[in-house]
Every structure is written in C-alpha cells, then in structure tokens.
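Trainee: Could we go through this structure together? I should like to begin with the fold and then turn to the surface.
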Amino acid sequence: MTDHASAPAGDSTPPKPEYPLLAAPKDGVPEVIESERALDAAAQALAGADGPVAVDAERASGFRYGNRAYLVQLRREGAGSFLIDPIACPDLSPIQDALGDAEWVLHAATQDLPCLAEVGLHPTSLFDTELGSRLAGLPRVGLAAVVEHYLGVTLAKEHSAVDWSERPFPQSWLTYAALDVEVLIQVRDALAADLQQQGKGEWAAQEFAALTHFTAPVREEPWRRTSGMHRTKNRRAVARVRELWLTRDALAQQRDTAPGRVLPDALLVELANKDPKNAAELAQVRAAPPKGRSGGRPHPGLLRHRDKWLDALRRAGQLPDKQLPAANARTEGPPPARAWADRDPVAAARLSAAREALAGVSEERQIPVENLLTPDTLRRVLWSPPEPLDAERVRQQLTDLGARPWQVEIAAPIIADAVSANLPTSK
C-alpha cells in the first residue's frame, strides 16, 4: 500500500502521495555501446524481440551548439535495454533496420525526433506518452508525474539537465538514462487503456500518426526570438540585435557551445540599445541585474570577443535606413489576438465567442484547449472566415489548415454555431 504524507493542520490541499523510488533497472545498467560490433549485436537482439520499443535520447541543451543526441536509449521486451553512444556510433541504421515497423514509445516525441533522425532513426509508428497524457486530461505530464500516476512509482530526475556531451559518462547518469526507458512500455499500456476508456483512443492514434512526419520548424528570422527583444528602442536597435545574434551564432557554432554561454540574450539587447563605440564603452555594458543586486563585473564573453561585437555594431550602424529590418516580424497569418479589437471588432467578437465555446468543450472532455484546436488554426479561420459561415465550410478550412479529423469533427460545428448565431460578418 502506498503511504501518504500528512497535511498541515488547516490545509485543505490534498497531500501528495509518497511513491516508492525506482532506483535501478531490474536487469542492471547495460554497458554503453561504442563499437560497430556491439551495435550489430544490439540490432540482432532487438530484431529478435517482439512488441513496441521504448526510445529516448539525451542531448546537451544549454551546453553545446545545436540539439544533437549524445546518448540513445532503447528497451524492448525480450531484448532488454541498450545505451548507445551516437558520437562513437554516428550511424544507427542497423538499429533502424532491426526495428522495422515496430511502434516506438517516446515521451515528448517532438523533442527527440529531430536528433534521432540525424543518426538514422525514423519511426513508422509511435506512441507519445506525454501527448497521450495531455489528451487523457492529466494535470501534470512530465515523465516522472506520468509514471507516478499510472504505475505508482517515481523516477529520480536529478540528471535531466546535465551536459551529456561529457565523456566518460558517470555511472549515476547511466542509471538515470536506463530508467527513462525502463517502464515506458508499461506506461504506454496503462495510458492506452485509459484513453480507450475515455473514448479518446482514435484521437490519440491520429495525433501519433501525424508525429511520424514531424520535422523541426525552420525559422526565417531566428534572431527575433532573442529574449528581451521587446525592449529594443527602434529599428536601428533591432538591426544591432540581428548583427550581434548572427555574430554570436557563428562563434557558438565554431566553438560547439550553446549561444547563451558565449553571451546571454540580455547582454545582446543591452548592447543593441546602448551601442558602445569602443572597447572602453563596451566594458561598461551590463545586463540588468536581478532585483536587489548590483551589476557586477562584465561578462567574460563580452571582453573575449569585444572586437567582433564592435564590428557587428558598426555594420548595423552603417546600414541605410531602407535596409533596416522591420520592428516586428512579418507574418502571413492574422494579427495577434490582442490587436483584433482595434483592427476588426467583429472578428474579435467572433474569436471571443469561439474561444468561450471551445473552452467549455475543453473542460467537459478534460483536454487542454490548445490540443482541441491550436490557437493559430482558430485565428486563421476566424480572421477571414468562409462565406457563408456554415459547419461544412469551416470543416474544409480546418482540414486545409492541418487539423486532425477528430479535431475537425468537434470544432467545426462549435465554431460555426458560436460565430454565426448573432454576429455579422465583417469585410
């Protein structure tokens, strides 16, 4: 029986259950595969087993440039668990061939699929326990929380943000990595049963099928994602952010380190706004310190690459006005929802009515409203709605925008009813 912690007197919050810790894999931690011979042996073992295969990957986000995999973990009933070093074995096509059309089980698949594809691994069928948990209405969908919910045990997560590019791997890290796939198949089975019981099995199947074609989006102007860009003062400052970002990205790629370790976003924005003209002025630039603390010393990356930062600022300063980037990113889609009331009050009313109706369905069916229909899809339909605004036309537009059939079936009549009842059509 699971023990439960006692709540403080007068506290109405239900106590959080104390789950037993899953501290080690039942078959022990396997040796890391670092040779083609060991990789071929693992492929043979996986090919000789049956059923779905648990898959995970560890990256060095925040430490290295890009999001490549530095460890790949697999587990299949009848074959056991495998830890593969994709730096030593960069071509995992033998594993791909061994798995064939087996169902992959991943947690938060979109995080791992791009780096797995880089080493030759592509699923033809998958089950995402994180996305499935969202559809099932779980309040917390991290792997540890999902394992607790369905299996009544907890996983230690103290190594989730370490630098997996380090070699050799500490043994405690390998234990953590092996545990990430140890019970994933059991979670998949329990979650699948839950989804079926809730009448959401087909919804999940459609979502998982779409994920087999997932590729990471390529942004035309990735520098616009610089944190704090909203603090830039004018288009010239935006141009400085762009030049500084591109300079930092080249340095990070050259050094194979995370861009934020070269220079944090906050300093890029400060440099763009203050526009220092020489090394002395550059050395005085500080990012805004946490509340109650002084600015401290200059960031080492600021001084180490000072000539490159000053060159980037000069390039931005020499641009003719007509070549300055726009203050805000150009988009082919509708404007942000916050601007609708001023630009088109009727469209804003449509959006408000549809949002309210979808929120009601979201609560009733215990599914996040963004999984019911993405906010971008809803905005695109309602900014320039088809005429006449009936369920069939909305259905077609949702389909054209990539909504899954289950989403179209639920959302199309709701949107049509919500916006056509008493609201006129603008434009």
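Mentor: The following turns cover the sheet, a helix that crosses it, and the surface.
Mentor: This is a predicted model, in which local features need pLDDT of at least 70 and side-chain atom pairs count only at pLDDT 80 or more, while totals for chains, interfaces and linings use all residues. Residues are numbered from 1 along each chain as its sequence is written, and side-chain values use heavy atoms, leaving out hydrogens and water.

Trainee: How many helices and strands does the protein have?
Mentor: There are 20 helices and 8 strands, taken as DSSP runs numbered from the N terminus (helices: H or I, at least four residues; strands: E, at least two).

Trainee: What is the strand order in the open sheet?
Mentor: The 6 strands run in the order β2-β5-β4-β3-β6-β7, with mixed pairing; strands pair if DSSP finds at least two bridges between them.

Trainee: Which strands stand at the edges, then?
Mentor: They are β2 (32–33) and β7 (126–128); each has a single partner strand, so one side of each lacks a neighbour in the sheet.

Trainee: How many bridges join β6 to β7?
Mentor: Strand β6 (residues 104–106) is joined to β7 by 3 bridges, and the two run parallel. Leu-106 has Asp-128 in β7 as its bridge partner.

Trainee: Now the overall dimensions: what box do the C-alpha atoms fill?
Mentor: Along the principal axes, the box is roughly 65 × 65 × 55 Å.

Trainee: And what share of the residues is buried?
Mentor: Of the 427 residues, 46% are buried, meaning under 20% relative accessible area (1.4 Å probe, protein chains only).

Conventions: Buried < 20%, exposed > 50% of the residue type's maximum accessible area, 1.4 Å probe, protein only.
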